[in-house]
Amino acid sequence: MIFEQIPVGQMQNFSYLIGDENSKEGAVVDPAWENSKILDIAKKHDLNIKFILITHSHYDHIDGVKSLVDATDATVYVHKDDMVEIKNRGIDKIKTIDENDEINIGKIKIKVLHTPGHSPGSVCYLFNNKIITGDMLFVEAIGRVDLPGGDIEKMFNSLQKLKKLDDNIEVYPGHDYGSIKHSTIAHEKENNPYMRASKEEFFRIR
Ligand SMILES: [Zn+2]
């Protein structure tokens, strides 16, 4: 598998590139800025971008989607509850996704986890011992729950879902806000105050 964590833009965002080296199919997660940088890396790996995967539809994760669709003719995968923002940008090639859906990129199977709280349609993408968490889970922190569509109770429940994953799964967040650029479920269970918190504590510290 080809996998690249790509820092983009002025808000410490991460885009990701996932590719199957045999089929040469590739996916870009959350293209918002610096598409040329992403496409250069895809070219280096000889990948055709067929998929654009959205963790959630805030502008700093989707501002580059339209131009990347125009450049690659890729299909955009987004949860139905975060879909309207993509549609409003004049994009037609959309597939809506929900809990437990599977996206196949060559031989790579990407499982969708619906993890609302930061936005109604926030999802995480789980594949090959890695999870891309968008703005739901950061290294030792979590995303805001006070933006439109945010929900503190749903965020707590989404965190409980991630806690059930294997400890050794690597966590790849949507922003470079931590002391390290990616971590593991075990690291978060140990060091992330929101992961450690009981429901009562969670509501108090958030
Ligand atoms: Zn966000």
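Select Ser 183 to start: this residue sits in strand β14, residues 183–184. The model on screen is predicted.

**Stop 1: Ser 183 and its surroundings**

Show the surface around Ser 183. Is Ser 183 buried or exposed? Ser 183 has 5% relative accessibility, so the residue counts as buried, the limit being under 20%. Now display side chains. Ser 183 makes a side-chain to side-chain polar contact with Glu 188, at 2.6 Å. Leaving aside residues up to four places away in sequence, Ser 183 touches Val 139, Ile 169, Glu 170, Val 171 and Glu 188.

**Stop 2: across to β13 and out to the sheet**

Pick Val 171 from that list of contacts. Val 171 stands opposite Ser 183 of β14. The strands here are β13, residues 170–173, and β14; two bridges join them in the antiparallel sense.

Widen the selection to the whole sheet. Six strands form an open sheet with mixed pairing, in the order β7-β8-β9-β10-β13-β14. Which strands stand at the edges? They are β7 (102–105) and β14. Each has a single partner strand, so one side of each is left without a neighbour in the sheet.

**Stop 3: the zinc site**

Select the zinc ion next. Which residues are its protein donors? They are His 56 through NE2, His 58 through ND1, His 118 through NE2 and Asp 135 through OD. These donors lie 2.2 to 2.3 Å from the ion. Check the angles among the four donor atoms: they run from 87 to 174 degrees, and the site is irregular. Along the sequence, the donor residues follow the spacing H-x1-H-x59-H-x16-D.

Keep His 58 and Asp 135 highlighted. This pair links distant parts of the chain, 77 residues apart. His 58 is in the loop between β4 (48–53) and α2 (59–62). Asp 135 belongs to the loop between β10 (130–134) and β11 (137–138). Asp 135 has a relative accessible area of 6%, so this donor is buried.

**Stop 4: helix α3**

Move to helix α3, residues 65–72, and colour its buried residues: Val 65, Leu 68 and Val 69. Why do they fall on the same side of α3? They cover an arc of only 105 degrees around the axis, which puts them there. The general rule is that an α-helix has 3.6 residues a turn, so residues three or four places apart point the same way.

Turn the helix over. The face of α3 turned away from the buried side carries the exposed residues Asp 70 and Ala 71. Turn back and show what the buried residues pack against: β3 (25–29), α1 (35–44), β4, α2 and β5 (75–79). Before leaving, click on Asp 73, just after α3. Asp 73 takes a positive phi of about 65 degrees.

**Stop 5: strand β5**

Finish on β5, one of the elements packed against the buried residues of α3. How many residues of β5 are buried? Five of its five are, and the strand is mostly covered. Both faces are covered: Thr 75, Tyr 77 and His 79 lie on one side, with Val 76 and Val 78 on the other. In a regular strand, side chains alternate between the two faces of the sheet.

Now add the neighbouring strands. β4 pairs with β5 in the parallel sense, over three bridges. Select Leu 53 and Tyr 77 of β5 together; they are bridge partners. Strand β6, residues 94–97, also runs parallel to β5, joined by four bridges. Val 76 stands opposite Ile 94 of β6.

Methods:
Residues numbered from 1 in each chain as written. Predicted model: local features only at pLDDT ≥ 70, side-chain atom pairs only at ≥ 80, totals over all residues. Heavy atoms only, no water. Donors = N, O, S within 2.8 Å, 3.2 Å for Na, K, Ca; no water. Tetrahedral: all angles 85-135°; square planar, octahedral: opposite > 155°, others 65-115°. Buried < 20%, exposed > 50% of the residue type's maximum accessible area, 1.4 Å probe, protein only. Polar contact = N/O pair within 3.5 Å; in protein donor to acceptor, adjacent residues only side chain to side chain. Contact = heavy atoms within 4.5 Å. Arc of directions from axis to C-beta. Pairing = 2+ DSSP bridges.
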